[in-house]
Amino acid sequence: MSTADPETGLRARLIDVGVDLVSTEGVQALTLREIARRAGVSHGAPRRYFPTHLELLSAIARRGFTDLAGRAAEVRGDGAASPREQLAALGRVYLDFALTHRGMHELMFRHDLLESGHLGLRETSLPLFSLLVDLVGRARPDADAALVAGSLLANLHGIAQLWTWGSLPLATGADDVVPLLRTALEAHLGPGGR
């Protein structure tokens, strides 16, 4: 006899289906009807767990932030590397995630999901940003760490988006994002150093 709660199981299955759908077909495919169809339930069933479409999208995006945070923790290891080295590793993880999980990445940074405090996505996304702020603060104690971290994140987001669109490879002739990451780190943290 299974001890799993069928209600919890269906909620998780709806999120799993949404994660798979956004990964394979992009954000535009994330309709309640399509998620329900692929989960094998009536089109009204998701409303029992997610009263609004935004709540389901937020739960799917939360999985993306959890995945990205796990990857970040792996590359950080014990945190013994210098703040700059940790920022370079986090930057590579972020760009890799953005380029290999394009639909999820797009969903994770939708303003309508992030602005709503009651969906709980801010609380899932802020620890990763706080880590960036901490590392930037240690690498650049002279600067406003939150502003530099925000600028660095925006720069990485822009690199990922423009790379995806093909603009950066065309404009720079680069065949890899790593030189762009190095340049972004130098622009925000200064050359070499700590």
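Here is a friendly walk through this predicted model, starting with the whole chain and then turning to a few residues.

1. **The overall plan.** The protein chain has eleven helices and zero strands. Reading along the sequence, you meet the pattern α-α-α-α-α-α-α-α-α-α-α. If you would like a sense of scale, the C-alpha atoms fill a box of roughly 55 × 35 × 30 Å along the principal axes.

2. **Inside and outside.** Of the 194 residues in the protein chain, 39% are buried. The accessible surface comes to about 10,200 Å², and carbon and sulfur atoms account for 55% of that surface.

3. **Contacts along the chain.** Consider the contacts between residues at least 6 apart in sequence: 65% of these join residues at least 24 apart. Some of the residues below give examples of partners from elsewhere in the sequence, such as leucine 87 with Leu185 and Leu189.

4. **Charges.** The protein chain carries 20 positive and 22 negative charges. How far apart are the mean positions of the positive and negative charges? They are 3 Å apart.

5. **An aromatic cluster.** A search of the whole structure turns up two aromatic pairs. One of them joins phenylalanine 65 and phenylalanine 109 edge-to-face, at 5.5 Å centre to centre and with 70° between the planes. This pair links distant parts of the chain, 44 residues apart: phenylalanine 65 belongs to helix 4 (residues 53–76), while phenylalanine 109 sits in the loop between helix 6 (102–108) and helix 7 (111–114). Phenylalanine 65 is buried, at 3% relative accessibility, whereas phenylalanine 109 is partly exposed at 27%.

6. **The second ring pair.** Why is the pair of tyrosine 94 and phenylalanine 109 called edge-to-face? The ring planes stand at 70°, with the centres 6.3 Å apart, and planes over 60 degrees apart count as edge-to-face. Because tyrosine 94 lies in helix 5 and phenylalanine 109 in the loop between helix 6 and helix 7, the pair ties together parts 15 residues apart in sequence. Tyrosine 94 is buried, with a relative accessible area of 6%. Ring pairs thus link Phe65, Tyr94 and Phe109 into a cluster.

7. **Glutamine 86.** Let us stay with helix 5, where glutamine 86 has its place. Is glutamine 86 buried or exposed? Its relative accessibility is 2%, so it counts as buried, the limit for that label being under 20%. A polar atom of the glutamine 86 side chain lies 3.2 Å from the backbone oxygen of glycine 79. Leaving aside neighbours within four places in sequence, glutamine 86 is in contact with Arg76, Gly79, Ala81, Leu135 and Arg138.

8. **Leucine 87.** Leucine 87 is also found in helix 5 and is buried, with a relative accessible area of 1%. Which residues does leucine 87 contact, leaving aside neighbours within four places in sequence? They are Leu132, Leu135, Val136, Ala139, Leu152, Leu185 and Leu189. Leu135 is thus a contact of leucine 87 and of glutamine 86. As for threonine 164, 77 residues along the chain from leucine 87, the C-alpha atoms of these two residues are separated by 22 Å.

9. **Alanine 98.** Helix 5 (residues 83–100) holds alanine 98 too. Alanine 98 is buried, with a relative accessible area of 3%. Not counting residues up to four places away in sequence, alanine 98 touches His105 and Ala160. Threonine 164 is 66 residues from alanine 98 in sequence, and 8.9 Å away in space, C-alpha to C-alpha.

10. **Arginine 47.** Our last stop is helix 3 (residues 46–49), the place of arginine 47. With a relative accessible area of 43%, arginine 47 is partly exposed. A polar atom of the arginine 47 side chain lies 2.9 Å from the backbone oxygen of proline 51. Apart from neighbours within four places in sequence, arginine 47 is in contact with Leu32, Thr52 and His53. Alanine 36 is eleven residues along the chain from arginine 47, and the C-alpha atoms of the two are separated by 9.8 Å.

Key
Residues are numbered from 1 along each chain as its sequence is written. This is a predicted model: local features need pLDDT of at least 70, side-chain atom pairs count only at pLDDT 80 or more; totals for chains, interfaces and linings use all residues. Side-chain values use heavy atoms; hydrogens and water are left out. Helices (H or I, at least four residues) and strands (E, at least two) are DSSP runs, numbered from the N terminus. Buried means under 20% relative accessible area, exposed over 50%, partly exposed in between (1.4 Å probe, protein chains only). Contact means heavy atoms within 4.5 Å. Accessible areas come from the Shrake-Rupley method with a 1.4 Å probe; for residues, only the protein chains shown count as cover. Lys and Arg count as positive and Asp and Glu as negative; His and the chain ends are not counted. The place of a charge is taken as NZ of Lys, CZ of Arg, CG of Asp or CD of Glu. A polar contact is a pair of N or O atoms within 3.5 Å; within protein, one must be able to donate a hydrogen and the other to accept it, and residues adjacent in sequence count only if both atoms are side-chain atoms. Rings of Phe, Tyr and Trp (its six-membered ring) pair if their centres lie within 6.5 Å; planes under 30 degrees apart count as stacked, over 60 as edge-to-face and the rest as tilted.
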